[in-house]
Amino acid sequence: MKKFSDLDELIAAEGSQLGPTEWLEVTQDRVNLFADATEDHQWIHVDPEKAANGPFGGTIAHGLLTLSLLPHFSHQLYTVGNVAMAINYGYNKVRFITPVKVGAKIRARAELTKIDQLEGAVQSTMTTTVEIDGSEKPAAVAESIVRFIR
């Protein structure tokens with residue numbers, strides 16, 4: 001994990017690489033809980049018997065579940081000290097490239113692609129790649145924006 005002591009260190013790190021994080025196994029339990037929380041119970045996610053004969057050979061995680069794990073991974077990638085708070089400002093671009101099969105392990109690495117200095121804040125744009133253990137192609141790539149309030 002990279003620990004930036006303050007926003008000046010974050011600003012100076014523009015263009016740097018972060019990670020990778022620890023591996024996280026995507027369990028059927030996690031997928032089912034996400035399905036319940038989002039009311040998305042499509043069989044490719046929650047019906048292992050039917051999904052075994054489906055296009056992926058088993059159940060897969062929701063793409064949005066993979067995206068929702070970015071805060072978990074971000075906490076493993078970096079911290080910034082001496083800020084009042086950090087706000088998830090949104091996403092510029094998200095792509096779900098490879099389905100994440102239940103039982104797979106995923107992790108993240110990121111690039112601090114852009115820093116903007118604002119009045120009373122610093123805004124970082126980070127491109128995060130979620131990797132799947134044993135896969136050449138990533139699960140997802142997302143360009144996220146975090147605003148750090150001084």
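**Cores and a cavity**

Leaving aside residues up to four places away in sequence, I106 is in contact (heavy atoms within 4.5 Å) with E22, W23, L24, V26, L69, F73, V100, V130, E131 and I132. The model is a predicted one, where local features need pLDDT of at least 70 and side-chain atom pairs pLDDT 80 or more, while totals for chains, interfaces and linings use all residues. Numbering runs from 1 along each chain as its sequence is written, and side-chain values use heavy atoms, with hydrogens and water left out.

I106 turns up again, with V100, as a residue that touches the most other members of the largest nonpolar core, a set of 19. Such a core joins buried Ala, Val, Leu, Ile, Met, Phe, Trp, Tyr and Cys residues through side-chain atoms within 4.5 Å, buried being under 20% relative accessible area with a 1.4 Å probe, protein chains only. At least two residues each come from α2 (28-38), α5, α6 (70-77), β6 (105-118), β7 and β8; helices (H or I) are DSSP runs of at least four residues and strands (E) of at least two, numbered from the N terminus. A separate core of 16 residues includes L7, L77, I115 and V122.

As for empty space, the count is 1 cavity of 30 Å³ or more. A cavity here is a set of points on a 1 Å grid, over the protein atoms alone, where a 1.4 Å probe fits but cannot get out, and lining residues have an atom within 4 Å of a point. The largest holds about 40 Å³, volume being the space filled by probe spheres set on points joined across faces, edges and corners. Its lining consists of T66, L67, L70, V94, F96, T128, V130, A140, V141 and A142. Two or more of these residues come from each of α5 (63-68), β5 (85-96), β7 (121-132) and β8 (140-149), with β8 giving the largest share, 3 residues. The lining has 8 nonpolar residues, 2 polar and no charged; nonpolar takes in Ala, Val, Leu, Ile, Met, Phe, Trp, Tyr, Cys and Pro, charged Asp, Glu, Lys and Arg, and polar the others, Gly among them.

Conventions
1 Å grid on protein atoms, 1.4 Å probe; cavity = no way out; pocket = protein on both sides within 12 Å on 5 of 7 lines; lining within 4 Å. Buried < 20%, exposed > 50% of the residue type's maximum accessible area, 1.4 Å probe, protein only.
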